[in-house]
Amino acid sequence: MNIVVLVKMVPDTESRLEIVDGKVNESGFKYMVNPYDEFAVEQAVQFKEANGGKVTILSLFSNDGSIDTDLRKMMAIGADEAIVLRQDNYRGDKPSANATVLSNAIKEMEADLIIGGVQGIDYYQSATGPMIAHMLGIPHISGVTNLELNDGKFTAKRQVEGGLQIIECSNPLLVTCQKDMTKVRFPALKDIMMSKRKPFESRTVEPVESNDVETAECSLPPARGGGMIIEGESSEDKVDKLIEKLKTEAKVI
Amino acid sequence: MEKYESVDFYNIDQHFTEEEIMVRDLVRSWVEEEIMPHIEDYNSKGIFPREIISEMGEMGLFGCYLDEHGCAGFSHTAYGLICQELERADSALRSCLSIQGSLSMLPISLFGDKNQKEKYLPKMRQGKLVGCFGLTEPDHGSDPTNMATKAIETEDSFVLNGTKMWITNGTIADLAIIWGKLEGKIRGFIIEKGDKGFSAPEMKGKHSFKASITSELVLQDCKIPKDRILPNVEGMRGPLTCLSQARFGIVWGSLGAAMCCYDASVKYAKSRIMFGKPIGSFQLVQNKLAWMLREITKGQLLAYHLGRAKDKGEETSEMITLGKMNNVDMAMQIARMARDIHGANGILNEYPVMRHMANLESVSLQGTYDIHNLILGRWITGIQAFK
Ligand SMILES: Cc1cc2nc3c(=O)[nH]c(=O)nc-3n(C[C@H](O)[C@H](O)[C@H](O)COP(=O)(O)OP(=O)(O)OC[C@H]3O[C@@H](n4cnc5c(N)ncnc54)[C@H](O)[C@@H]3O)c2cc1C
């Protein structure tokens, strides 16, 4: 079984968010593997361990090499190789353009299963995965909480409002993983050493035209104003004053 | 709790290899997910769950700088970084690594024979067998040379008598490396759990290292087969070689404890409002934070340099002594300062500082501050001042 895992590099949750002239200042960002994608890597490796085959990490990113160690960690978990598509002016908020580039690369990989996270924690668009499936003309199941493979047939579970949906599908197939789909292992030191010997390829790709929407302006949530302590003779008195304020000042009741 | 931020003011990270960074990050995330949520509980109950040892074994942390019997053969610097991350959580974790790897596996690896290595090392590496190191006695701490534990040789066995004290993991250990005198010479013996005449009651009532198991080892006419002596070492060189390796780990581990206290202090100083502003805006508090950063940075440079010297086999035991003395002393002062910055909150188990502060009192013992001074004094003057 040939499995391609889509791994997006997203700003580290510790990166400081700063807006300059309505745009996010990305200059000081550090990047990490999108947490949802880690579930995909773990699931892919489990399938490989049970059924044999190959797991390839595929990532589209800029020419910044600082992410390489984090991608190598995915190989320590058990992926066999990594391919990084390096693109000038790469942006994480262009799902259509990015899906075009990624699907072009996947076309040549004869993948049975393409698996990634349900969304990137940078822009939360949940779009790239389904778009790739569409471009490749294969079915997709998104937001999967449990995925099993028996006799070449996948059984996926999805949480839907008030219930559980079970979907059966044969390959090729694209799946996006929901949070905590599986517990990501802690690799052993030996696996870290092995990961250094696994193929890690960087390929230059050209930017592509797309009809992705443009961000007009970004802003941070307004700073929280100070709180207020309501004084009063008794609890009843304080509650009365609070209700009064909620009616007249906050105008919420 | 807010996410932990490590300290790297001088960009020392650039000097670590990619593998070293990966190992450090692995242990950091394991500690974050598996240990931090429970450590205060373990500490207050005085327990160290056995599964922790299994998990450490599965990751291959024990004896990871050894290059035999499936050990990973990582650099000493990588080992140091592992110690740093473990002790960031609690000294009990680093101590467990140290006891298993440097004080139990290492003597077997360096001084044991082929059969002993094959019998114990693979299972110890995996955390399936737990070891401990019995050197200190009730009446002999800083002067182990004068130990009272004795072995006599009979036709088919050795018979040991004596008591060891303060032995980490003794009660849960499957085997103990016991140092005792045979015909007046210090030798190493492997005692197995269940050997007749051997018992390991737990010592209770500690105010420090509470999440670590500390035991007494009692040997009463304990008879062991002849193949349980470590054949290839005699004299204090045996235990001292191992202790030096363990102290190397402490050079890094104490940095981890200091980093944790510094991180907690910075966060607290920025959020605690007193006299209408964050306490971090007062010069006296900033002075303390700046001192912490300065000392940690110096300690990191020292640890890094020592690590690389060890990777090249160019370190001396005195170099390790200086590093251990400096970094433990620095960490103890930082922990106390951190408690001060935290005010009354500093004594609560909601914050890690008092736990580290208490732990470091024990960490400072493996060769006390003054004993390390005497070791350096001997190196400087050529005159030994121990007795
Ligand atoms: C939690 C914990 C875990 C431990 N784990 C282990 C273990 O696994 N295995 C093991 O073998 N041991 C272990 N130890 C023991 C530790 O190594 C000893 O405590 C240490 O060697 C000091 O010995 P002592 O406590 O008897 O102090 P002492 O030797 O009695 O020292 C008391 C004081 O006298 C000073 N002093 C002693 N001699 C001199 C001198 N010549 N000149 C000037 N000052 C001097 C010391 O600096 C110190 O301040 C552990 C201890 C603790 C607390």
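Welcome to the tour. A search of the whole structure, which is a predicted model, turns up 1 cavity of 30 Å³ or more, and that is a good place to begin.

**Stop 1: the cavity.** About 370 Å³ of space lies in the largest cavity. To find its centre, select A:Lys8, A:Asp37, A:Gly120, A:Thr128 and A:Gly129, the closest to that point among the 30 lining residues. Now colour the lining by residue type: you should count 13 nonpolar, 13 polar and 4 charged residues. Which elements of chain A each supply at least two residues of this lining? Select β6 (54-61), α3 (95-107), β8 (113-117), α4 (128-136) and β12 (173-177) of chain A to see them.

**Stop 2: the sheet.** Switch to a cartoon view of chain A. Here you meet an open sheet of 9 strands with mixed pairing, and you can walk across it in the order β11-β10-β9-β12-β8-β1-β6-β7-β13. Pause at the two ends of your walk: β11 (163-170) and β13 (200-204) of chain A are the edge strands, and each has a single partner, so one side of each is left without a neighbour in the sheet. From one strand to the next, the twist averages 30°.

Next, zoom in on β6 of chain A and its neighbour β7 (residues 81-86), which pair in the parallel sense over 6 bridges. Pick A:Ile57, and you will find A:Ala82 of β7(A) opposite.

**Stop 3: helices on the sheet.** Add α3 of chain A to your view. This helix packs on the sheet and touches β1 (2-6), β6, β7 and β8 of chain A, with its direction at about 150° to that of β6(A). Then select α4 of chain A, which lies across β1, β8, β9 (140-150) and β12 of chain A. How does α4(A) run relative to β12(A)? The angle is about 180°.

**Stop 4: a special peptide bond.** Go to the loop between β11 and β12 of chain A, where A:Pro172 is found. A cis peptide bond joins A:Asn171 to A:Pro172, with omega about 0°.

**Stop 5: two domains.** Zoom out and colour chain A by domain: domain 1 covers 2-204 and domain 2 covers 221-253. Taken over C-alpha atoms, the centres of these two domains of chain A are 47 Å apart.

**Stop 6: over to chain B.** Select B:Trp166 in strand β3 (residues 157-168) of chain B. Phi of B:Trp166 is near 65°, a positive value in a residue other than glycine. Finish at B:Phe275, in the loop between β8 (273-274) and β9 (277-278) of chain B. B:Phe275 is not a glycine either, yet has a positive phi of about 50°.

Definitions and conventions
Residues are numbered from 1 along each chain as its sequence is written. Chains are lettered from A and ligands numbered from 1 in the order in which they are written. This is a predicted model: local features need pLDDT of at least 70, side-chain atom pairs count only at pLDDT 80 or more; totals for chains, interfaces and linings use all residues. Side-chain values use heavy atoms; hydrogens and water are left out. On a 1 Å grid over the protein atoms alone, a cavity is a set of points where a 1.4 Å probe fits but cannot get out, and a pocket is an open set with protein on both sides within 12 Å along at least five of seven lines; lining residues have an atom within 4 Å of a point. Grid points are joined across faces, edges and corners, and a volume is the space filled by probe spheres set on the points. Helices (H or I, at least four residues) and strands (E, at least two) are DSSP runs, numbered from the N terminus. Ala, Val, Leu, Ile, Met, Phe, Trp, Tyr, Cys and Pro count as nonpolar, Asp, Glu, Lys and Arg as charged, and the others, Gly among them, as polar. Two strands pair if DSSP finds at least two bridges between them. Axes are lines fitted to C-alpha atoms, for helices over the stretch in contact, and angles run from 0 to 180 degrees between N-to-C directions. Contact means heavy atoms within 4.5 Å. Domain bounds come from an automatic or database domain assignment.
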